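Biologist: Hi! Could you walk me through this protein?
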Amino acid sequence: MSIFVKDGVLYVSGAQDKLRKKGKEIPKFLDDYTLLDIETTGLRPYKDRITELGAIKVRNNQIVDKYSNLTIYPKSNRVPKFITELNGITEEKIMTEGIPIKEAMSEFRDFIGDDIIVGYNVNFDLNFIYDAVEKFHLKQLNNDYVDVMRFARTYYPRERHNRLIDCMQRAGIAQVEQHRGLDDSIDTKKVYDDFRENFTDDLLEKMREQIKNVDLVNEKLTPQQLGMRNPIRNKNIVFSGHIHMDVDEAHQMIDNMAGQNQDSVDSATNYLIMGDHDFFMRDNEDLNRARQLIKNGSRIKRLSESFFLSMLDDWARN
């Protein structure tokens with residue numbers, strides 16, 4: 001039994017089936033790949049929707065094919081105002097120009113094929129695409145991938161922001177980001193190619209060293225290993241219900257990642273982590289206590305084990 005990160009991928013004995021079975025990050029320059037970018041209604045794959053799929057297929061470092069489609073869902077296609085202000089995508093535009101999400105995802109999955117995937121902050125896109133592929137019973141998306149943002153963080157280590165638009169402006173590629181799937185895919189390739197021209201072997205080695213390889217149970221993590229987006233740091237955490245992880249190991253992981261274990265829920269609890277099917281239990285004291293405290297103003301987040309492990313996997317891949 002163990003909980004560890006190898007080559008940026010989280011492994012959890014007893015609960016591995018609760019994680020997305022995505023590929024691993026390949027930090028290198030490629031000549032043949034599919035580069036993708038999606039637009040969404042928000043940041044949460046479990047709640048928000050894909051509004052647009054965009055991608056380019058690259059062979060011998062040249063674009064040989066393109067994919068772009070807006071996506072229509074069976075129920076709501078409402079687009080938040082701030083998203084429309086960002087990229088111009090409206091519900092009317094989706095309904096007029098889009099195709100059904102199931103058809104779009106089938107086409108998109110075929111377009112990707114077995115290619116290594118390239119993208120900017122691509123783990124965000126992969127979470128949405130992976131879940132949609134699973135929903136429609138398409139070929140599992142377990143392709144390895146290159147995250148161009150990893151190159152940016154290595155090349156510009158002192159910069160506070162390393163967004164796509166920041167890299168575009170620094171390299172003189174463009175001053176404005178379109179926030180549209182196909183346009184951003186093409187711009188990301190330009191940024192990737194700019195790094196290709198300017199990276200040294202030392203920078204490549206430094207970037208590869210940033211991929212996490214840590215034992216989360218048997219060693220205390222350093223601040224450098226924890227990074228800036230550790231979801232456990234300074235969080236008070238309670239495990240309750242039917243947890244598939246080894247709970248003793250989970251407690252040790254929380255301690256090693258600068259969190260605090262609690263025996264039971266109180267007003268200081270940040271996360272109550274429960275089995276995936278435990279949220280309708282009436283006899284769980286922790287859950288009932290959390291419900292009452294939330295009514296009284298406490299900010300306790302009730303997380304399923306799968307959701308919690310997904311948070312950890314996103315951190316591992318960051």
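Modeller: Sure! One term before we start: a contact here means heavy atoms within 4.5 Å. Also, keep in mind that this is a predicted model.

Biologist: Good to know. How many helices and strands are there in the protein?
Modeller: The protein has 12 helices and 13 strands.

Biologist: Can we zoom in on one helix? Which residues are buried in helix 11?
Modeller: Helix 11 runs over residues 285-295, and its buried residues are Asp-286, Leu-287, Ala-290 and Leu-293.

Biologist: Why are they on the same side of helix 11?
Modeller: Because they cover an arc of only 125° around the axis. As a general rule, an α-helix has 3.6 residues a turn, so residues three or four places apart point the same way.

Biologist: And what's exposed on the other side of helix 11?
Modeller: There you'll find Glu-285 and Lys-295, both exposed.

Biologist: What covers the buried residues of helix 11?
Modeller: Among the elements in contact with them are strand 10 (236-240), strand 12 (271-274) and strand 13 (301-304).

Biologist: Nice. Changing topic: what share of the protein's residues is buried?
Modeller: Of the 318 residues, 52% are buried.

Biologist: What about the overall shape?
Modeller: The C-alpha trace spans about 60 × 50 × 35 Å along its principal axes. The radius of gyration is 21 Å, which agrees with the value near 20 Å for a compact globule with 318 residues.

Biologist: Last one: how many positive and negative side chains are there?
Modeller: There are 46 positive and 53 negative ones, and the centres of the two sets lie 4 Å apart.

Definitions and conventions:
Residues are numbered from 1 along each chain as its sequence is written. This is a predicted model: local features need pLDDT of at least 70, side-chain atom pairs count only at pLDDT 80 or more; totals for chains, interfaces and linings use all residues. Side-chain values use heavy atoms; hydrogens and water are left out. Helices (H or I, at least four residues) and strands (E, at least two) are DSSP runs, numbered from the N terminus. The radius of gyration is taken over C-alpha atoms; the globule rule is 2.2 Å times the number of residues to the power 0.38. Buried means under 20% relative accessible area, exposed over 50%, partly exposed in between (1.4 Å probe, protein chains only). Lys and Arg count as positive and Asp and Glu as negative; His and the chain ends are not counted. The place of a charge is taken as NZ of Lys, CZ of Arg, CG of Asp or CD of Glu. The arc is that of the directions from the helix axis to the C-beta atoms.
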